Amino acid sequence: MTNTFPAQRRLSVLLWLIALHSCGVGILLIFRPAFLMAWAGFSLDVEPFFPVQNGVFHLVLAVGYALAAAPSLRNRSLVVFTVIVKSMAAIFLFSYYAIFDPRWVILWSGIGDGAMAAAVWISLRAAERERG
């Protein structure tokens with residue numbers, strides 16, 4: 001019996017989803033819709049440069065995740081880079097939540113980034129085992 005959804009394909013789909021997520025976060029940070037900012041417990045009373053810069057940074061990372069996902073361009077280093085970025089983001093978010101600002105959106109963002117890092121690592125290992 002052949003595997004209809006091989007590990008390499010699952011890894012690619014996961015990386016594309018992470019790229020889409022990063023694009024969405026980037027766009028939200030750039031435009032910062034008032035209703036979403038209020039829902040997450042944040043104010044718009046801040047100089048917009050750094051939130052917009054952070055949004056553009058998320059878009060740049062999304063390009064890296066997409067490069068890691070594209071089968072013809074896949075490079076193990078880019079996949080590992082994705083794991084490192086998502087792990088560092090989770091550590092930052094958990095630390096920020098614990099030390100500075102215990103908002104629910106920060107905690108859940110950390111959980112999400114940590115879950116993405118784990119899922120990519122597990123998928124990478126499965127794809128490598130499958131390849132032999």
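These are my notebook entries on a predicted model of one protein, written in the order in which I looked things up.

**Entry 1: overall layout**

I began with the secondary structure, and I found five helices and zero strands in the protein. Reading from the N terminus on, I wrote down the order of the elements as α-α-α-α-α. For the overall dimensions I took the C-alpha atoms along the principal axes, where they fill a box of roughly 55 × 30 × 25 Å. I then looked up burial for the chain, and noted that buried residues account for 33% of the 132 residues in the protein.

**Entry 2: how α1 meets α3**

I turned next to helix pairs, for which I needed two quantities: packed helices are described by the angle between their axes and by the distance between those axes. For α1 and α3 I noted that the axes come within 7 Å and cross at roughly 165 degrees. An angle over 145 degrees counts as roughly antiparallel, and I therefore entered α1 and α3 as roughly antiparallel to each other. The contact of α1 with α3 has, by class, 19 nonpolar residues, six polar residues and no charged residues. As for handedness, I recorded that α1 passes α3 in a left-handed crossing.

**Entry 3: α1 against α5 and α4**

I kept α1 as the reference helix and looked up its pairing with α5, where the axes come within 8 Å and cross at roughly 155 degrees. That angle makes α1 roughly antiparallel to α5. The crossing of α1 and α5 is left-handed.

With α4 I wrote down an angle of about 45 degrees, the axes of α1 and α4 being 12 Å apart. That makes α1 oblique to α4, and here I also entered a left-handed crossing, as α1 passes α4.

**Entry 4: the largest pocket**

Which space did I look for next? I went to the largest pocket, which holds about 1,400 Å³ of space. Its lining is made up of 38 residues, and I noted V25, L29, N54, L93 and S109 as the closest to the centre of the pocket. Sorting the lining by class, I arrived at 26 nonpolar, seven polar and five charged residues.

I then asked myself which helices supply at least two residues of this lining. My list runs to α1 (7-31), α2 (34-39), α3 (49-69), α4 (76-99) and α5 (104-131). The largest share of the lining comes from α5, which supplies eight residues.

**Entry 5: the loop between α1 and α2**

I looked up two residues in this loop, starting with R32, which is found between α1 and α2. Its phi is near 40 degrees, and I marked this as a positive value in a residue other than glycine. Is R32 buried or exposed? At 12% relative accessibility I entered R32 as buried, because the cut-off for that class is under 20%.

P33 lies in the loop between α1 and α2 as well, but at 23% relative accessibility P33 counts as partly exposed. I also looked up the separation of P33 and L44, which are 11 residues apart along the chain and whose C-alpha atoms are separated by 8.9 Å.

**Entry 6: residues in α1 and α3, and the loop after α3**

L14 is found in helix α1, and with 18% relative accessibility I put L14 down as buried. From L14 to E47 I noted 33 residues in sequence and 34 Å in space, C-alpha to C-alpha.

F57 is found in helix α3, and I recorded F57 as partly exposed, with a relative accessible area of 48%. The pair F57 and S22 is 35 residues apart in sequence, and its C-alpha to C-alpha separation in space is 9.3 Å.

My last residue was A70, which lies in the loop between α3 and α4. A70 is buried, with a relative accessible area of 12%. Between A70 and A98, which are 28 residues apart along the chain, I noted a C-alpha separation of 37 Å.

How values were computed: Residues are numbered from 1 along each chain as its sequence is written. This is a predicted model: local features need pLDDT of at least 70, side-chain atom pairs count only at pLDDT 80 or more; totals for chains, interfaces and linings use all residues. Side-chain values use heavy atoms; hydrogens and water are left out. On a 1 Å grid over the protein atoms alone, a cavity is a set of points where a 1.4 Å probe fits but cannot get out, and a pocket is an open set with protein on both sides within 12 Å along at least five of seven lines; lining residues have an atom within 4 Å of a point. Grid points are joined across faces, edges and corners, and a volume is the space filled by probe spheres set on the points. Helices (H or I, at least four residues) and strands (E, at least two) are DSSP runs, numbered from the N terminus. Ala, Val, Leu, Ile, Met, Phe, Trp, Tyr, Cys and Pro count as nonpolar, Asp, Glu, Lys and Arg as charged, and the others, Gly among them, as polar. Axes are lines fitted to C-alpha atoms, for helices over the stretch in contact, and angles run from 0 to 180 degrees between N-to-C directions. Angles under 35 degrees count as roughly parallel, over 145 as roughly antiparallel, 65 to 115 as roughly perpendicular and the rest as oblique. A crossing is left-handed if the near helix is turned anticlockwise from the far one by less than a right angle, and right-handed if clockwise. Buried means under 20% relative accessible area, exposed over 50%, partly exposed in between (1.4 Å probe, protein chains only).
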